[in-house]
Amino acid sequence: MYSEIQRERADIGSLMARPEYREWNPELIKPKKLLNPVKASRSHQELHRELLMNHRRGLGVDSKPELQRVLEHRRRNQLIKKKKEELEAKRLQCPFEQELLRRQQRLNQLENPPEKEEDHAPEFIKVRENLRRITTITSEERAL
(Lines give C-alpha, C1' and ligand atoms only; values in the text may rest on other atoms or scores of the structure.)
Protein backbone atom coordinates (compact mmCIF):
# COMPACT_ATOMS: atom_id res chain seq x y z
CA MET A 1 0.00 0.00 0.00
CA TYR A 2 2.80 2.43 0.91
CA SER A 3 4.70 1.51 -2.24
CA GLU A 4 1.60 2.28 -4.34
CA ILE A 5 1.44 5.79 -2.91
CA GLN A 6 5.12 6.32 -3.69
CA ARG A 7 4.61 5.14 -7.25
CA GLU A 8 1.71 7.57 -7.73
CA ARG A 9 3.83 10.45 -6.45
CA ALA A 10 6.68 9.46 -8.77
CA ASP A 11 4.25 9.50 -11.70
CA ILE A 12 3.02 12.96 -10.73
CA GLY A 13 6.60 14.24 -10.60
CA SER A 14 7.25 13.12 -14.15
CA LEU A 15 4.11 14.90 -15.34
CA MET A 16 5.02 18.25 -13.78
CA ALA A 17 6.68 20.79 -16.03
CA ARG A 18 10.29 21.49 -15.13
CA PRO A 19 12.05 24.71 -15.99
CA GLU A 20 14.15 24.43 -19.08
CA TYR A 21 16.36 27.43 -18.41
CA ARG A 22 19.38 25.14 -18.02
CA GLU A 23 19.05 23.95 -21.57
CA TRP A 24 18.42 27.41 -23.00
CA ASN A 25 21.32 29.68 -22.37
CA PRO A 26 24.02 29.27 -19.73
CA GLU A 27 24.49 33.05 -19.52
CA LEU A 28 21.01 33.68 -18.14
CA ILE A 29 20.65 34.49 -14.44
CA LYS A 30 19.31 31.51 -12.63
CA PRO A 31 16.45 32.16 -10.19
CA LYS A 32 17.27 31.90 -6.50
CA LYS A 33 14.97 31.11 -3.66
CA LEU A 34 13.86 34.27 -1.83
CA LEU A 35 14.80 34.66 1.82
CA ASN A 36 12.06 34.93 4.39
CA PRO A 37 12.76 38.20 6.27
CA VAL A 38 11.23 36.82 9.47
CA LYS A 39 13.42 33.74 9.50
CA ALA A 40 16.44 35.79 8.49
CA SER A 41 16.05 38.14 11.46
CA ARG A 42 18.48 37.74 14.34
CA SER A 43 15.81 37.74 17.05
CA HIS A 44 13.84 34.99 15.32
CA GLN A 45 16.94 32.82 14.99
CA GLU A 46 17.80 33.29 18.68
CA LEU A 47 14.27 32.45 19.80
CA HIS A 48 14.19 29.38 17.57
CA ARG A 49 17.57 28.22 18.87
CA GLU A 50 16.40 28.69 22.44
CA LEU A 51 13.19 26.76 21.82
CA LEU A 52 15.15 23.88 20.33
CA MET A 53 17.53 23.78 23.29
CA ASN A 54 14.63 23.83 25.77
CA HIS A 55 12.95 21.03 23.85
CA ARG A 56 16.13 18.94 23.97
CA ARG A 57 16.51 19.55 27.70
CA GLY A 58 12.90 18.61 28.27
CA LEU A 59 11.85 21.92 29.72
CA GLY A 60 8.16 22.68 29.47
CA VAL A 61 6.73 25.23 27.12
CA ASP A 62 5.06 26.89 30.13
CA SER A 63 8.33 28.27 31.42
CA LYS A 64 9.25 31.52 29.67
CA PRO A 65 12.49 31.72 27.71
CA GLU A 66 15.23 33.91 29.09
CA LEU A 67 14.99 36.41 26.27
CA GLN A 68 11.28 36.94 26.86
CA ARG A 69 11.83 37.37 30.61
CA VAL A 70 14.53 39.97 29.96
CA LEU A 71 12.31 41.89 27.52
CA GLU A 72 9.40 41.92 29.99
CA HIS A 73 11.74 43.10 32.74
CA ARG A 74 12.94 45.97 30.51
CA ARG A 75 9.38 46.99 29.65
CA ARG A 76 8.42 46.97 33.32
CA ASN A 77 11.44 49.12 34.21
CA GLN A 78 10.63 51.59 31.42
CA LEU A 79 7.06 51.98 32.68
CA ILE A 80 8.29 52.57 36.23
CA LYS A 81 10.78 55.20 34.98
CA LYS A 82 8.03 56.98 33.03
CA LYS A 83 5.78 57.11 36.07
CA LYS A 84 8.60 58.45 38.24
CA GLU A 85 9.41 61.12 35.67
CA GLU A 86 5.77 62.19 35.51
CA LEU A 87 5.58 62.45 39.29
CA GLU A 88 8.80 64.50 39.42
CA ALA A 89 7.49 66.78 36.69
CA LYS A 90 4.35 67.40 38.74
CA ARG A 91 6.42 68.11 41.85
CA LEU A 92 8.79 70.46 40.05
CA GLN A 93 6.10 72.75 38.68
CA CYS A 94 6.81 76.41 39.27
CA PRO A 95 5.11 78.08 42.26
CA PHE A 96 2.88 80.12 39.95
CA GLU A 97 1.40 76.94 38.41
CA GLN A 98 0.93 75.41 41.86
CA GLU A 99 -0.97 78.48 43.04
CA LEU A 100 -3.17 78.39 39.94
CA LEU A 101 -3.99 74.74 40.59
CA ARG A 102 -4.88 75.49 44.22
CA ARG A 103 -7.21 78.31 43.18
CA GLN A 104 -8.83 76.15 40.56
CA GLN A 105 -9.46 73.42 43.14
CA ARG A 106 -10.98 75.97 45.56
CA LEU A 107 -13.28 77.29 42.84
CA ASN A 108 -14.36 73.76 41.96
CA GLN A 109 -15.14 73.04 45.60
CA LEU A 110 -17.20 76.22 45.91
CA GLU A 111 -19.12 75.51 42.72
CA ASN A 112 -19.75 71.86 43.60
CA PRO A 113 -20.25 71.64 47.34
CA PRO A 114 -19.75 68.16 48.76
CA GLU A 115 -22.93 66.14 49.12
CA LYS A 116 -24.42 66.10 52.57
CA GLU A 117 -25.50 63.03 54.43
CA GLU A 118 -29.06 64.23 54.07
CA ASP A 119 -28.90 63.53 50.34
CA HIS A 120 -28.26 59.88 51.11
CA ALA A 121 -31.01 59.69 53.72
CA PRO A 122 -34.21 57.79 52.99
CA GLU A 123 -37.03 59.74 51.42
CA PHE A 124 -39.34 59.73 54.44
CA ILE A 125 -36.67 61.59 56.47
CA LYS A 126 -36.34 64.22 53.73
CA VAL A 127 -40.12 64.73 53.68
CA ARG A 128 -40.18 65.05 57.47
CA GLU A 129 -37.45 67.75 57.34
CA ASN A 130 -39.39 69.64 54.66
CA LEU A 131 -42.51 69.52 56.82
CA ARG A 132 -40.56 70.91 59.80
CA ARG A 133 -39.26 73.78 57.65
CA ILE A 134 -42.72 74.57 56.38
CA THR A 135 -44.14 74.63 59.90
CA THR A 136 -41.35 76.89 61.18
CA ILE A 137 -41.75 79.26 58.24
CA THR A 138 -45.52 79.53 58.71
CA SER A 139 -45.14 80.17 62.45
CA GLU A 140 -42.60 82.95 61.76
CA GLU A 141 -44.93 84.52 59.17
CA ARG A 142 -47.73 84.53 61.72
CA ALA A 143 -45.51 86.28 64.20
CA LEU A 144 -44.83 89.08 61.73
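How far should the 16 residues of α4 span at 1.5 Å a residue, and how far apart are its end C-alpha atoms? Keep that question in mind while we walk through this predicted model; point 2 has the answer.

1. **The overall fold.** Let's start with the whole chain. The protein chain has seven helices and zero strands. Reading along the sequence, you meet the pattern α-α-α-α-α-α-α. The chain has 144 residues, and 2% of them count as buried. It exposes about 15,200 Å², with carbon and sulfur atoms supplying 56% of that area.

2. **A check on helix α4.** Here is the answer to the opening question. At 1.5 Å a residue, α4 should span 22 Å, and its end C-alpha atoms lie 23 Å apart, so the expected and modelled values agree. Helix α4 covers residues 42-57. After it comes G58, whose phi is positive, near 95°.

3. **A buried charge in α4.** Stay with this helix and look for E50, which sits in α4. Is E50 buried or exposed, and which side chain of opposite charge is nearest to it? E50 is buried, yet it has no salt bridge. The nearest side chain of opposite charge belongs to R69, 5.6 Å away. A salt bridge here needs a nitrogen-to-oxygen distance within 4 Å. Leaving aside residues up to four places away in sequence, E50 touches P65, E66 and L67.

4. **Salt bridges around E99.** How many salt bridges does a search of the whole structure find? It finds three. In one of them, the side chains of R102 and E99 meet at 3.0 Å, N to O. R103 also pairs with E99, with the closest N and O atoms 3.6 Å apart. E99 and R106 form a salt bridge too, at 4.0 Å, N to O. Through these shared partners, E99, R102, R103 and R106 are joined into one network.

5. **How the network sits on its helix.** Now try tracing these residues along helix α6, which runs over residues 95-111. R102 and E99 both lie in α6 and are three residues apart, about one turn of the helix. R103 and E99 are four residues apart in α6, again about one turn. Why does such spacing help you picture the side chains? An α-helix has 3.6 residues a turn, so residues three or four places apart point the same way.

6. **How exposed the network is.** Several of its members count as partly exposed. E99 has a relative accessibility of 28%, R102 has a relative accessible area of 41%, and R106 has 45%. Each of these values falls between the 20% limit for buried and the 50% limit for exposed.

7. **A nonpolar patch on the surface.** Finally, turn to helix α7, residues 123-143, where you will find L131. Together with V127 and I134, L131 forms a nonpolar patch on the surface. The accessible area of V127, L131 and I134 together is about 270 Å².

Notes: Residues are numbered from 1 along each chain as its sequence is written. This is a predicted model: local features need pLDDT of at least 70, side-chain atom pairs count only at pLDDT 80 or more; totals for chains, interfaces and linings use all residues. Side-chain values use heavy atoms; hydrogens and water are left out. Patches are made of residues with over 30% relative accessible area and no salt bridge: like charges are joined within 9 Å, nonpolar side chains (Val, Leu, Ile, Met, Phe, Trp, Tyr) within 5 Å. Accessible areas come from the Shrake-Rupley method with a 1.4 Å probe; for residues, only the protein chains shown count as cover. Helices (H or I, at least four residues) and strands (E, at least two) are DSSP runs, numbered from the N terminus. Buried means under 20% relative accessible area, exposed over 50%, partly exposed in between (1.4 Å probe, protein chains only). Lys and Arg count as positive and Asp and Glu as negative; His and the chain ends are not counted. Contact means heavy atoms within 4.5 Å. The expected span of a helix is 1.5 Å times one less than its number of residues.
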